[in-house]
Amino acid sequence: MDRQQRTLNVVTTLNSFHEGVTAKHILLNEVCEYFDFIKNEDIDDADRRFLLYLSSKVGVPHYYDILYKFNKDRSLVLDEDNICLSTFSSILYESSLYTDEHSKLHQYQKEVLDLFSQDKINRYFLSASTSFGKTHLVYEIIKKMHYKNIVLIFPSIALLTENLAKIKNGTIKFSEEYNVHTLSDFTVNPQENNIFIFTPERFLSFLDKNHDVRLDFIFIDEVYKIDNGYIIDNEAKENERDVAYRMSIFYGFSKYTNIDIFLAGPYIEVFDQVRDGYNPSFDLFLRDFGIEKLLRNEYEIVKVTKTNVENERGRITIDGLDFNFTKKTAKKAKIQELLDRILLNNENAIVYCNTQGNAEKVAKDFTRAALNTEFYAVFLAHLLQNFDPKWIVIEALQKGVGVHHGMVPKYIQKEIISLFNSSESGVTVLTSTTTITEGVNTTAKNMIVYKSEKGGGRHGKPLLTFDAKNIAGRAGRFMEHYTGRVITLDKEFMNVINDTGEQITHKNYDLNVEKKEIDDEMTPEEYLDDRSRERLMQIRVMQEARGIPDHILSQFKVISKRDKIKIYDSVAGLSPLFHQRIKRFIARLNSPRMALEKDGFQVILDVIYEVVENETLKAMIENTFKDNYSPNHYSILFAALNSYLNTGFNGVYNYNLQRESNPNSSSAVNSAMRKTSSLIYNTFKYQLVKYIGVFNLMYKFYISQRDRISYEDAIGIDVLLIKLEYNAFSEEARIASDYGVPQKIIDYYDSPNQNEANRIQASFDGYEKTIFDRINNIIQN
C-alpha cells in the first residue's frame with residue numbers, strides 16, 4: 001500500500017470518527033499504524049502539521065514526539081510562518097497534558113488523573129492495556145495529591161526494587177521528600193513522609209508490626225491476582241498468591257477506612273449485569289469498599305498485530321517483514337527463520353515458552369554467528385567465574401540470547417533484562433516463561449509464542465484469554481514503538497486471544513464458592529455459609545481456652561488460625577527433653593558462628609509437619625537419613641538446608657549435579673541449576689520460612705507464658721528466618737538482597753567489621769565493582 005493510500009485511509013477513519021461512526025480506540029489503532037509507516041519516510045512541514053494534528057486528535061501527542069527516534073536527522077520543528085488554527089489548537093491541547101516540565105500524560109491517563117480530588121475520598125479500579133502506563137500514572141497521582149504515607153504493592157521483588165531504584169536515582173521526582181521503605185520491620189517517624197514499597201506478603205507483615213502508622217493512599221498492581229483463576233504465573237505458587245492478595249486488600253482496606261485506593265491490572269474482564277453468566281462477586285467487592293470501575297482495555301496505545309504461522313509453508317509477509325518457511329514443520333526451523341529475519345531488520349524479540357525447559361531449549365537451538373560480547377564482557381566473565389560454563393544462561397548470552405525464568409538467580413535475571421533493553425548490547429533475543437508477564441518492562445518489538453500453554457506435562461494448563469492478551473501485550477513498548485508483532489507457532493493461541501474473556505470473581509463475595517478456613521475472617525457475614533460460621537466459633541473457643549491474644553494469632557495470616565493453634569498445642573505438649581533440644585538449637589543459631597543443630601531442628605520439623613501443605617516441603621521432612629554418630633534419623637531437609645547455609649548456592653548445586661546421571665553433560669548442568677534454584681528460592685525462602693515462622697511465633701508466645709516474660713524478651717529462631725528470606729542480617733544487606741546483587745556484595749554489607757568489609761570489597765570482580773557502586777549510591781541515599 002503506497003503512502004497516498006495510507007494517508008487517505010487514516011483521513012477517512014478520522015472523518016468517520018468525527019461523524020460518530022468510528023470509535024476512538026479504532027481511530028487510535030489506525031493512527032498507530034500510520035505513524036509506524038511514516039516513521040521511515042521523508043516529511044515536510046505540511047506533513048509535520050498533519051502528524052501533530054493526528055497525534056493530538058487521538059490524545060497521544062507522544063506519537064509525534066518519538067518520530068526522531070527513527071531518524072535522528074529529521075527535524076520536528078514547525079515552520080512558525082505556517083502555524084494554522086488547527087496546529088495552534090493541537091499545541092494548546094498538548095500543553096494541557098503536562099503535569100510538570102518533565103512529565104506529559106496521554107489523554108487516557110489524564111482522564112484518570114483528573115478524577116482524583118483533594119476534597120473527597122478517591123477509590124478507583126482501572127483495567128487497561130499493558131501499554132497504558134499504569135505505574136507512571138500512579139506516580140502522577142501521588143504528585144498531584146501530596147499524600148504523606150503511601151503504600152505501593154507490587155507482585156514481585158523484581159518490580160519492588162525496580163520502583164525503589166527509580167525513586168532513589170531521581171527518575172521519579174516528587175516535590176516532597178519521602179523516606180522509601182521496602183522492609184516491613186522499621187521505625188516510622190510520624191513527622192516525615194514515607195513511601196512503602198511492598199509485595200502483598202510484606203504488606204501483611206507490615207500490618208502485623210505497625211499498628212500506629214496512618215496511611216493516606218494504597219496502590220495495588222496486578223490486582224487480578226485476587227482471583228486464583230486469573231493468575232498466569234505457574235511459578236508463583238498460584239494456589240497461595242490469590243490468598244495473599246485478597247488478605248492485603250481486606251486487612252489493609254478494613255484497617256484504613258478513609259484512605260484513597262487505586263487498583264490496577266491489564267485486560268481484566270468485568271461483565272455487566274445483563275451479560276450471560278454474569279457473576280456479581282467482584283462488583284459486590286468494589287461496592288463494599290466504594291471503589292469505582294474504570295474500564296479502558298480497548299485503548300491499545302501500541303497496536304499489536306497477531307499472526308498464526310503454525311501451518312504456514314513458503315513465503316509470507318507479516319506486518320512488513322518477509323519470511324520464507326521451508327517444508328520442514330519443526331518449530332526449531334520456524335523459530336530460526338523468524339528470529340533471523342527479525343534480527344536482520346534490526347529488531348528484537350521475546351520467545352514465550354510454556355516451561356523453563358522449553359525456554360532453555362529454544363535458546364540452545366537458535367543458531368547465530370559469533371557475537372561481539374565486549375559490551376557485557378565483564379558480566380560474562382563474572383558468570384564464567386561463578387557458574388558452570390555449560391549452563392545454558394552463559395551459552396545463550398555468548399550468542400546474544402537471554403534466558404529468563406523463575407529459576408535463574410534474581411540478579412542475573414535483572415541483568416539479562418537490562419542487556420535486552422539496551423540497543424548496544426547485542427542481546428536481541430529473550431526466551432522466557434510467564435515471568436515476563438509479571439510487569440517486567442522490556443523494549444521488545446516482537447513476541448513469538450512457542451506454545452499456547454502455561455506449564456507442561458500433567459501440570460500444564462491451557463492459556464486463558466487474559467493470559468494470551470497479557471503475553472501479546474508485551475509486544476511493542478510505548479515510547480519505543482508504534483506497533484508490535486505477535487507471531488504464534490500454536491494456532492490455539494489465536495482461538496484463545498479472540499475468545500470471550502473470563503470475568504474476574506472474588507471468592508469472598510460469592511455464596512456459591514466453598515471457602516477455606518483461611519477465608520472465613522475476610523468474608524462478609526452475608527456470604528458465609530453455616531460451615532464457615534461454625535469454624536469461626538470453634539476458633540474463638542480454642543483461642544480463648546489457650547489465652548492467645550489476637551495480636552499474636554493474627555500474625556502470619558496466610559496460615560490458618562487453627563493450624564497456628566495446632567502448632568501451639570504441639571509446642572506446649574513437648575517433653576522437657578525436646579524443649580531442651582530446641583533451646584540448644586536456638587543457642588547455636590545465635591552464636592557468633594551460626595550453625596544448625598540437628599536434634600533441635602528435627603523437633604521443629606516434627607512440630608510443623610502436621611500443618612505443612614506444600615508437597616515438596618512435606619516430602620523433604622518425611623524422607624530421612626541415618627546419622628553415623630547418633631541412633632536417630634533426621635529429615636533430608638536438615639542436610640539440604642545445612643549445606644546451603646554452609647556452602648551457599650554453589651554447594652547445593654554441586655550436590656545436585658553429582659546426582660545427575662551424566663554430570664558432565666550440559667543437560668545435567670541445566671537440570672541441577674533448576675533444582676537448586678527451586679530448592680532455595682521456592683522451598684527454603686518461601687515455604688519453609690512461612691511454616692517455621694509460625695513455629696517461632698507460637699514457641700515464643702508459649703515461652704513468654706511459661707516463664708512469665710514479655711513476648712519480646714522470648715528468644716526464638718528469628719535469626720534463621722531472616723537468613724533464609726534475605727541471606728542477610730543488616731538493613732543495608734537486606735536492601736541489597738532485595739535489589740538483586742551477587743552474594744559477595746550482600747556479604748560486604750553484613751561483614752562484622754570494617755577490615756572484613758575491606759577484604760570482601762578487594763575481592764570484587766569487575767562486574768561486582770560496577771554493581772556495588774550502583775547499589776551503594778541507593779543505600780547511602
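This section describes the internal cavities, an aromatic cluster, one helix beside them, and the surroundings of selected residues in a predicted model.

A search of the whole structure returned 2 cavities of 30 Å³ or more. The largest cavity holds about 40 Å³ of space. Its lining is made up of Arg 246, Ile 249, Phe 250, Phe 285, Phe 289, His 506, Asn 508, Tyr 509 and Met 522. Helix α10, which spans residues 238-255, gives the most to this lining, with 3 residues. Sorted by class, the lining of the largest cavity comprises 6 nonpolar, 2 polar and 1 charged residues.

The second largest cavity has a volume of about 30 Å³. It is lined by Glu 269, Val 270, Phe 271, Tyr 278, Asn 279, Phe 282, Asp 283, Gln 503 and Ile 504. The residues of this second lining divide into 5 nonpolar, 2 polar and 2 charged.

Helix α11 (residues 281-288) supplies residues to the linings of both cavities: Phe 285 lines the largest cavity, and Phe 282 and Asp 283 line the second largest. The helix is mostly covered, with 6 of its 8 residues buried. The buried positions are Ser 281, Phe 282, Asp 283, Leu 284, Phe 285 and Leu 286. Just after α11, Gly 290 adopts a positive phi of about 65 degrees.

Aromatic pairs in the model number 45. In one of these, the ring centres of Phe 285 and Phe 289 lie 5.7 Å apart with the planes at 65 degrees, so the pair is classed as edge-to-face. Both Phe 285 and Phe 289 are buried, and both are found in the lining of the largest cavity. A further pair is formed by Tyr 509 and Tyr 527, whose ring centres are 5.5 Å apart; the planes stand at 55 degrees, so this pair is tilted. Tyr 509 and Tyr 527 are 18 residues apart, and each is located in the loop between α18 (492-497) and α19 (530-546). Tyr 509 counts as buried because its relative accessibility is 5%, under the 20% cut-off. Tyr 527, with a relative accessible area of 13%, is likewise buried.

The residues of these two pairs belong to one aromatic cluster, formed by Phe 125, Phe 253, Phe 282, Phe 285, Phe 289, Tyr 509 and Tyr 527. Among the cluster members, Phe 285, Phe 289 and Tyr 509 line the largest cavity, whereas Phe 282 lines the second largest.

Elsewhere in the chain, Tyr 748 is located in helix α29 (residues 743-750). Tyr 748 is buried, with a relative accessible area of 15%. Leaving aside residues up to four places away in sequence, Tyr 748 touches Ala 757, Ile 760, Gln 761, Phe 764 and Phe 772. Tyr 748 and Ala 733 are separated by 15 residues in sequence and by 7.8 Å in space, C-alpha to C-alpha.

The count of disulfides is 0. Among the cysteines, Cys 32 is buried, with a relative accessible area of 0%. Cys 84 has a relative accessibility of 29% and counts as partly exposed.

Terms used: Residues numbered from 1 in each chain as written. Predicted model: local features only at pLDDT ≥ 70, side-chain atom pairs only at ≥ 80, totals over all residues. Heavy atoms only, no water. Buried < 20%, exposed > 50% of the residue type's maximum accessible area, 1.4 Å probe, protein only. Helix = DSSP H or I, 4+ residues; strand = E, 2+ residues; numbered from the N terminus. Disulfide = S-S within 2.5 Å. Contact = heavy atoms within 4.5 Å. 1 Å grid on protein atoms, 1.4 Å probe; cavity = no way out; pocket = protein on both sides within 12 Å on 5 of 7 lines; lining within 4 Å. Points joined across faces, edges and corners; volume = space filled by probe spheres on them. Nonpolar A, V, L, I, M, F, W, Y, C, P; charged D, E, K, R; others polar. Phe/Tyr/Trp six-rings, centres within 6.5 Å; stacked < 30°, edge-to-face > 60°.
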